[in-house]
Amino acid sequence: MKVQLRGLRAAAMGASALTSLVAGHAFAQQAASTPADNGTIEEVVVTALKRSTTVQTTPISISAVTEKSLQAIGASGIQDYFRTVPNLQVDGNSPTSRRLTLRGVRSAGEATVGLYYDETPLTGPAGTTADASSTSADVNLFDAARVEVLRGPQGTLYGSGSMGGTLRVILNKPDSSRYAGAVEAQGTIQKDGAPGYSVKGMVNVPLIQDKLAARLVLYKAEQGGYIDDITLNKKDINGQHSNGGRLMLGFTPTDKLTFTATGLFQKTTLDGQNSWYPALGAKSYSTNARVIAPTSDNLRMYNVTGKWDLGFATLTGTSSYYKWTLLRNSDYSPTLTASRANATSCRNYIAGGAPAAGTTNPACTSAQMAQYTAYADSRIPGALYQPMGLTSWNHELRLNGSLFDSKVDWTGGVYYEDRSDYIESRVAKADAATGVINPNDLTAWRHVGTDTKQTAFFGEVAYKPIEKLTLTAGVRRFNYDKTVSGQVLISNFITQSYVGPPAQVDASASGWVSKFNVSYQVTSDVMVYALAAKGFRPGGANNVPGLASALLAYGPDSLWNYEAGVKSQWFDRRLTLNAAAYQIDWSNMQISATSANGAFSYLTNAGTAKIKGLEIEATARPVTGLTLNATAAFVDAKLTQDQANSTILITGSTGLSGDKFPNVADFSGSASAEYTWPLKGELNGLVRADYAYVGESASQFRPTYVYYEKQGDYGYANLRAGVEGPDWGAYLFVNNITNEVGLMSVTSALNNPKQAVSINPRTAGFSVRKRF
């Protein structure tokens, strides 16, 4: 963990640096280990601007969750800490379903939040619906230095996929000056569920003193399930298993040149579905799924980064390659059941395929309908069995430095991405008694592949005409080309997808994004700023059976974010209070639509939207050892135009002007209190309470839509207590103390009503850690 001390403040920005709320979490944790300190909140260094600054002197809305703060809340993944960061939202809680949202900027398509692990941007596969944002990597956070959350468009420095913001996980690097190690173990039990455990370890070894070092991290985690399948009589079907690690080499041949090489792997599997049906019992966490649908992801990531101090500037070159393979399964029985008596499906099944263009197959007789229905029933239960994968090369070369006695800070660079992904979308038969999928007994098979190439040139300049005033401008020139190909290999007569020749659609575009920022250091403890920034996402192409040619390609969408903020510290740096207000104007939105038969999803452009919001962060240390934190986020996200165009008709599910965004709560917030006190010698006691609240939202735009569902409006509390020494700690904890049934999402579809994903039930456990 890098902590910025007061003496470095002037060198970093030439002004007093302040701390954000989440950074305050970390500082409170660090300071609390020494109760005799002066009670002030220290500073943290971030690299959000591709150069080192402090949180409080970085003129954007940013939170930094440091290693100490991650340990304090027992966080091993994004699900454990995201509610402590205002306006950060995570939908889904499985290896192949995890969508990140910042400031309510949420829709299907390419990611709206850029996700980086050190210098590597990780993007999910497009799948059959071109919805790459539906899957986000969640690498274990053991031995991570910090997590930086940048709210608002970051397109000039981070490119496409950062239109809502950027989340960066910064890992601890090898240290060639000393040996070091750490171990951590945890055990849990949960109400009406299975137990779990995790073990983690790190070792840092200098191979050549002050020149070459290696850092190895290994971990294994077992999370017990709590959802029961009452149809198949199986308990705890959502158990999750994860193991992984990383090896890093750090080489410093000279004081001006450093290289870091990283190899990372992680495999996570989920035994069955992570959703349940409240109608079967509000607190029973039960499902009546007819299929046990395991999912998994297997990530391999490699990166080499070099930094060269040229005197007048620092040259950074980074090259990454990652391979990500996933298996996405779901119970497809409700969809198959919904079409078991469909007249069109019957006609084409009897005829052996789709009719010729402009014709219709003869109607089914009652005997033929009985024949078709018997066939459809013979394919139930069925699963949507989808092996998928992605490979990507990412390269960036940038130069940054200062001029005129640090009056000008500048960054410029070039970026290239070459990404390919595929999905084999199969409908497979499952055993009616056990729910086990047979991937070789296929009802249907469709292949879709997506190739994406992006290039960009970017630059940013910060100029200080006077000591307290900083003016910043940035631009990025982007160019992308996307090719989507696909073919139906086995016809699905039930959902009307038929064998045909390979098809391919190309989409490409180029353009500019820009950013303008002005900040003023009012006093040594108060800074104000205002900015305007543009964000964008690439367009693409659909590969959907029977889709009209006018809907095959869709264009990029973009938004402008207008923001004003204040960062302040009071009472001799015992209170930090930060706030930002913003308005986002979103145009040519990429939206998800449904094919005429309801069986397939695709992307198109339709409508505009406006998002207004306010986010507040506060941390206080009123007395030595006591730290209080609070966050609040208010979001008003509405359509300003009907989601309709020349090829999309208004239906019951189409959003209309004035409709609120689905899955975005008007209000969310969190609070925590931690107290540390001396016990004996270097031994300290610790007690911590955390609370999070999420307001109500809906699953659809239209309140009158038949599948419109309410979700959210819940709060839950966690409690943690323990004993700490200088290099060890032992803790007991209880998460979700009141066993709140918090419905994160509720969705409905034909023959599949009110399917919920919720927070985990009450979980108690212990953890111990030791550093060497």
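A residue counts as buried when its relative accessible area is under 20%. By that cut-off, 57% of the 772 residues in this predicted model are buried.

**View 1. The whole chain of the predicted model****.**
Eight helices and 40 strands make up the protein's assigned elements. The C-alpha atoms fill a box of roughly 85 × 55 × 50 Å along the principal axes. The radius of gyration is 27 Å, which agrees with the value near 28 Å for a compact globule with 772 residues. Long-range contacts are frequent: of those between residues at least 6 apart in sequence, 68% join residues at least 24 apart. About 29,200 Å² of the protein is exposed, and carbon and sulfur atoms supply 58% of that area.

**View 2. Confidence, and the segment at residues 1–36****.**
Mean pLDDT is 90 for the protein. A value of 70 or more is reached by 93% of the residues. Over residues 1–36, pLDDT stays under 50. The model still has 129 contacts for this segment beyond four places in sequence.

**View 3. Tyrosine 158 in helix H5****.**
Helix H5 covers residues 155–158 and includes tyrosine 158. This tyrosine has 3% relative accessibility, so it counts as buried. A polar atom of its side chain lies 2.7 Å from the backbone oxygen of alanine 48. Ala48 is also one of the residues that tyrosine 158 touches beyond four places in sequence. Others on that list include Thr47, Lys50, Tyr116 and Leu150. Thr166, Arg168 and Arg476 are contacted too. Tyrosine 415 is 257 residues away along the chain, yet its C-alpha atom is separated from that of tyrosine 158 by 9.4 Å.

**View 4. Aspartate 228 and the loop after strand E14****.**
Aspartate 228 lies in E14, a strand of residues 228–229. Its relative accessible area is 15%, so it is buried. Two polar pairings involve its side chain. One is a polar contact with the side chain of lysine 235, at 3.3 Å. In the other, a polar atom of the aspartate 228 side chain lies 2.9 Å from the backbone nitrogen of aspartate 236. Beyond four places in sequence, the contacts of aspartate 228 include Lys234, Tyr285, Ser286 and Thr287. Aspartate 236 sits in the loop between E14 and strand E15 (240–254). With a relative accessible area of 21%, aspartate 236 is partly exposed. Its phi is near 55°, a positive value in a residue other than glycine.

**View 5. Backbone exceptions in two further loops****.**
Most residues other than glycine have a negative phi, and most peptide bonds are trans. The bond from isoleucine 380 to proline 381 is cis, with omega near 5°. Proline 381 is in the loop between helix H8 (366–378) and strand E20 (382–403). Glutamine 496 has a positive phi, near 65°. Its loop runs between strand E23 (469–490) and strand E24 (503–523).

**View 6. Strands E30 and E31, an antiparallel pair****.**
Strand E30 spans residues 590–594. Five bridges join E30 to E31. Alanine 593 stands opposite tyrosine 602 of E31. E31 covers residues 601–605. Four of its five residues are buried, so this strand is largely enclosed by the rest of the structure.

Terms used:
Residues are numbered from 1 along each chain as its sequence is written. This is a predicted model: local features need pLDDT of at least 70, side-chain atom pairs count only at pLDDT 80 or more; totals for chains, interfaces and linings use all residues. Side-chain values use heavy atoms; hydrogens and water are left out. Buried means under 20% relative accessible area, exposed over 50%, partly exposed in between (1.4 Å probe, protein chains only). Helices (H or I, at least four residues) and strands (E, at least two) are DSSP runs, numbered from the N terminus. Two strands pair if DSSP finds at least two bridges between them. pLDDT is the predictor's confidence in each residue, from 0 to 100. Contact means heavy atoms within 4.5 Å. A polar contact is a pair of N or O atoms within 3.5 Å; within protein, one must be able to donate a hydrogen and the other to accept it, and residues adjacent in sequence count only if both atoms are side-chain atoms. The radius of gyration is taken over C-alpha atoms; the globule rule is 2.2 Å times the number of residues to the power 0.38. Accessible areas come from the Shrake-Rupley method with a 1.4 Å probe; for residues, only the protein chains shown count as cover.
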